[in-house]
2 protein chains.
Amino acid sequence: MRIGQLARITGVKSETIRFYEREGILAAPPRTQANYRDYGPAEEARLNFIRRARDLGFSMARIRELLDLSDDADRSCAGIDALARSHLGEVERKIASLEALRTELGRMIAACEQDTVGDCRIIDALAGTAEP
Amino acid sequence: MRIGQLARITGVKSETIRFYEREGILAAPPRTQANYRDYGPAEEARLNFIRRARDLGFSMARIRELLDLSDDADRSCAGIDALARSHLGEVERKIASLEALRTELGRMIAACEQDTVGDCRIIDALAGTAEP
DNA sequence: ATGCACCTTGTAGTAACTACAAGGTCAAGC
DNA sequence: GCTTGACCTTGTAGTTACTACAAGGTGCAT
């Protein structure tokens, strides 16, 4: 598959795909005899992963770490464990925040259905005590 | 509370707080007689909201919309409903992605505990079919 | 043989910060 | 009373993660 089709399928612009390749987050694919990048389903999956992880607010550095978990098959369990645990913590915090937001949005929609506007506590949904 | 303390409490730099004020996402607070910005708990909550929403990958534009839901008390239920529903959809998609990621990270940690490295399917966790 | 998708390198724009400089005010501590 | 640190302003410039476009070239289908 060429870059244009991969771009259409994943919703990532061709230029962004080449950018990811330059950044080393997406390996340089084989080339056709015409020097076109030739992508397969593995690259498609990896690109979808990157795009979704970015959408979830993970930085490129963090995504690189996550991808390393995937790439370094011959890695020590201790290393994998520590990194996976740290990512798991971040993921769980994000889930908790999003669930609070979901609850509040659901509450507002329900109130609207009964035509009782109600007060909006959407800020409170995410405004728990701060910790970086 | 002055800007420095708010910055310490929320983990948002003073310069970023002023930036949010310039951008109109955080209202200009009252000033002390010394012309210092004077923040209260409401601003703290709003700032925590903004910071967390950014961390979850919401754009400033999207955050502005969410805050509008909170600010415009005298808004039509139809308008609130449509906007809340659209945000709810995005939130639910994000939760689903994060839950897949959580499951896979948990699986890797569990495998490591038994010293059976196992294969990493972390990419598959987020690489479902694409839709922008 | 025309047009479109691809190739390269390079520059520049965007969003959302982040940093720092210059020049000034305010108030607490020595 | 004077220094020090936190604040004020305006302004410029750097960072990350793209996004866009230009110039000049290749491959290939119609």
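A polar contact here is a pair of N or O atoms within 3.5 Å. In this predicted model, B:Tyr36 gets to a base of DNA strand D in just that way: a side-chain N or O atom of B:Tyr36 sits 3.4 Å from a base nitrogen. The backbone of the strand is also touched, with a phosphate oxygen 2.9 Å from a side-chain N or O atom of A:Tyr20 and a phosphate oxygen 2.9 Å from one of B:Arg37. Two elements give two or more residues each to this surface, namely helix H2 (14-23) of chain A and helix H1 (3-10) of chain B. H2(A) gives the most, with four residues.

Zooming out, 18 residues surround DNA strand D, and B:Gly4, B:Arg18 and B:Arg31 are among the closest. By class, that surface splits into seven nonpolar, four polar and seven charged residues. On the DNA side, sugar or phosphate accounts for 80% of the strand D atoms within 4 Å of the protein, and bases make up the rest.

Then there is the contact between the chains, which takes 51 residues from chain A and 51 from chain B. About 4,800 Å² is buried between them, 73% of it from carbon and sulfur atoms. A:Arg52, A:Leu98 and A:Ile123 supply 13% of what chain A buries against chain B, more than any other three residues.

As for polar links, the chains share two salt bridges and three residue pairs in polar contact. One salt bridge joins A:Asp55 to B:Lys94, with the closest N and O atoms 3.9 Å apart. On the side of chain A that touches chain B, H5(A) brings the largest share, 21 residues. That side counts 30 nonpolar, eight polar and 13 charged residues.

Notes
Residues are numbered from 1 along each chain as its sequence is written. Chains are lettered from A and ligands numbered from 1 in the order in which they are written. This is a predicted model: local features need pLDDT of at least 70, side-chain atom pairs count only at pLDDT 80 or more; totals for chains, interfaces and linings use all residues. Side-chain values use heavy atoms; hydrogens and water are left out. A residue is near a molecule or strand if one of its heavy atoms lies within 4 Å of it. A polar contact is a pair of N or O atoms within 3.5 Å; within protein, one must be able to donate a hydrogen and the other to accept it, and residues adjacent in sequence count only if both atoms are side-chain atoms. Ala, Val, Leu, Ile, Met, Phe, Trp, Tyr, Cys and Pro count as nonpolar, Asp, Glu, Lys and Arg as charged, and the others, Gly among them, as polar. Contact means heavy atoms within 4.5 Å. Buried area is the accessible area (1.4 Å probe) that two parts lose on being put together, summed over both. A salt bridge is a side-chain nitrogen of Lys or Arg within 4 Å of a carboxyl oxygen of Asp or Glu.
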